Amino acid sequence: MKTVLDEILGWRDAGKQVAMARVVDVEGSGPRELGATMAVNDDGEVAGSVSGGCVEGAVVTEALAMLAGDRVPRLVTYG
């Protein structure tokens, strides 16, 4: 988490907007534990990971949509 936080702070200091994603529940087995965090800035740069696989791209898409103006927090489920 420290690495992600360092990235976020650097992005914010540079005037970039940031969206965060966090694993809040896992049914069965999953590649990341609860609390795994990923941040995405408005340039599409990524820090951290919530899945380590194909879900990452979908999370980036959601984050960029939020940063583009749809700022409603949401809970997204991937299976």
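## Exercises on strand S2, its partners, the core and the pocket

Both faces of S2 are covered: Thr37, Ala39 and Asn41 lie on one side, Met38 and Val40 on the other, and all are buried. Buried means under 20% relative accessible area, exposed over 50%, and partly exposed in between (1.4 Å probe, protein chains only). Strands (E, at least two residues) and helices (H or I, at least four) are DSSP runs, numbered from the N terminus.

The model is predicted: local features need pLDDT of at least 70, side-chain atom pairs count only at pLDDT 80 or more, and totals for chains, interfaces and linings use all residues. Residues are numbered from 1 along each chain as its sequence is written, and side-chain values use heavy atoms, with hydrogens and water left out.

**Exercise 1.** Work out how S2 is enclosed and which strands pair with it.

*Solution.*
- Step 1: count burial. In S2, 5 of the 5 residues are buried, so the strand is largely enclosed by the rest of the structure.
- Step 2: take the S1 side. S1 and S2 pair in the antiparallel sense over 5 bridges. Two strands pair if DSSP finds at least two bridges between them. Ala21 has Met38 of S2 as its bridge partner.
- Step 3: take the S3 side. Strand S3 (residues 46-48) runs antiparallel to S2, joined to it by 3 bridges. Here Val46 of S3 stands opposite Val40.
- Step 4: inspect the turn. S2 and S3 form a hairpin with 4 residues between them. Gly44 in that turn has a positive phi of about 85 degrees.

**Exercise 2.** Place Gly48 relative to its surroundings.

*Solution.*
- Step 1: locate it. Gly48 sits in strand S3.
- Step 2: check exposure. Gly48 is partly exposed, at a relative accessible area of 39%.
- Step 3: list contacts (heavy atoms within 4.5 Å). Not counting residues up to four places away in sequence, Gly48 touches Val4, Thr37, Met38 and Glu56.
- Step 4: take a distance. Gly48 and Ala36 are 12 residues apart in sequence, and 7.9 Å apart C-alpha to C-alpha.

**Exercise 3.** Identify the nonpolar cores and the elements that build the largest.

*Solution.*
- Step 1: fix the term. A nonpolar core is a set of buried Ala, Val, Leu, Ile, Met, Phe, Trp, Tyr and Cys residues joined through side-chain atoms within 4.5 Å.
- Step 2: list the members. The largest core has 10 residues: Ala19, Val23, Ala36, Met38, Val40, Val50, Val59, Val60, Ala63 and Leu67.
- Step 3: assign elements. Strand S2 (37-41) and helix H2 (55-67) are the elements that give two or more residues to this core. H2 gives the most, with 4 residues.
- Step 4: look for another. A second, separate core of 5 residues includes Val4, Ile8, Trp11 and Ala47.
- Step 5: examine one member of the largest core. Leaving aside neighbours within four places in sequence, Val23 is in contact with Glu33, Leu34, Gly35, Ala36 and Val50.

**Exercise 4.** Describe the lining of the largest pocket.

*Solution.*
- Step 1: count. The largest pocket is lined by 27 residues. Val23, Asp25, Val76, Thr77 and Tyr78 lie nearest its centre.
- Step 2: assign elements. Strand S1 (18-22) and H2 are the elements that give two or more residues to this lining. H2 gives the most, with 5 residues.

The pocket is an open set of points on a 1 Å grid over the protein atoms alone, where a 1.4 Å probe fits, with protein on both sides within 12 Å along at least five of seven lines; lining residues have an atom within 4 Å of a point.
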